[in-house]
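Reader: I'd like to learn how to read a buried charge and a packed helix. Can you walk me through this one?

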Amino acid sequence: MDSEPMYRSSAGAAAIAAAYARLLRRWPPSFQSVRLQTGPGETFAMRGGVEKGPAVLMLHGSGSNGAVWMGAGAELGRMARVYALDLPGEPGNSAARRCGWEEMVAWLGEVRLQIPERPLALLGNSLGGWLAMASAAADPAGVAAVMTINPAGVCPRRSSYKWYALAARWAGERGPRVMERANLRGQKMDDEFREFFDLAGRHFIYRPSVPILGDDDLRRLSMPFGYWAGKKDILLPTQKIARRLKRLVPQAEIFIDSKGGHGYHPPAVALRDWLAAVAAYNK
């Protein structure tokens with residue numbers, strides 16, 4: 001996997017890096033960058049919030065980085081120590097190395113061992129949701145809760161997604177806006193984030209779908225579990241995912257926004273309140 005290219009050109013990679021550098025300046029001053037040494041190479045994260053935990057590891061989706069967690073990080077930081085991680089092999093500041101899926105799970109296991117605060121919660125979106133579940137299933141010890149937003153790897157992608165991608169291609173220069181509207185479904189994106197994701201769409205080479213988690217993997221998720229999703233997700237079958245989770249992870253709490261798409265993120269305060277309720281229940 002190491003030789004798999006991440007970018008279509010060095011100029012495109014540089015443009016994405018510059019756009020990300022601008023986003024990093026927007027983190028609240030209470031957040032600081034940290035670098036962890038892991039098997040794939042250096043791992044970059046933004047850390048902030050309450051110093052003595054609990055800890056929340058925040059895992060972004062494909063073609064993204066930890067900057068997407070700014071709002072949620074600030075809110076969750078009122079009750080937890082938060083780490084917004086850049087996944088290796090994605091357009092952030094972690095190692096530019098494409099890992100196999102098992103290597104990604106092993107990487108997160110290494111990161112977990114280097115986090116001093118306990119208890120530990122995993123929060124993941126899309127690809128990051130799959131990674132949170134796969135890591136907790138592989139090694140549930142010490143994971144107090146798993147929080148997922150539009151998680152990949154529970155059910156196969158919608159076959160209809162290809163038609164949206166084709167429509168965006170036909171739209172030419174307007175293509176990114178077509179996909180933005182389809183994914184956000186009314187949620188807003190500001191200009192700097194739009195610039196970053198437009199650059200990623202042009203220059204970053206996205207990875208194929210993650211493997212589907214087996215029944216036994218999901219049954220091992222015995223800790224408190226939250227699932228947030230948009231009903232109008234064009235990529236993932238929201239209701240099928242909810243049904244499979246309720247069958248195999250019976251304690252899962254399901255929160256589906258009737259208008260949200262694949263880019264849906266729940267209000268940060270909703271994530272904080274759920275985690276606070278879980279923490280209070282487990283005391």
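Author: Sure, let's start with D86: leaving aside neighbours within four places in sequence, D86 is in contact (heavy atoms within 4.5 Å) with Y20, T43, F44, H60, N65, G66, G92, N93, S94 and W107. This is a predicted model, where local features need pLDDT of at least 70, side-chain atom pairs count only at pLDDT 80 or more, and totals for chains, interfaces and linings use all residues. Residues are numbered from 1 along each chain as its sequence is written, and side-chain values use heavy atoms, with hydrogens and water left out.

Reader: Where does D86 sit?

Author: In the loop between β4 (81-85) and α3 (101-114); strands are DSSP E runs of at least two residues, helices H or I runs of at least four, numbered from the N terminus.

Reader: Which side chain of opposite charge is nearest to D86?

Author: A salt bridge needs a side-chain nitrogen of Lys or Arg within 4 Å of a carboxyl oxygen of Asp or Glu. Lys and Arg count as positive, Asp and Glu as negative, with His and the chain ends not counted. Here R35 is nearest, 7.6 Å away, and D86 has no salt bridge although it is buried (under 20% relative accessible area; exposed is over 50%, partly exposed in between, 1.4 Å probe, protein chains only).

Reader: Which backbone nitrogen lies 2.8 Å from a polar atom of the D86 side chain?

Author: That of N93.

Reader: And how many residues of α4 are buried?

Author: 11 of the 12, so α4 is largely enclosed by the rest of the structure. Its cover includes β3 (55-59), α3, β5 (120-125), β6, α8 (215-219) and β7 (225-230).

Reader: Is A144 in a strand or a helix?

Author: A144 is in strand β6 (residues 143-149), and is partly exposed at 27% relative accessible area.

Technical notes: Polar contact = N/O pair within 3.5 Å; in protein donor to acceptor, adjacent residues only side chain to side chain.
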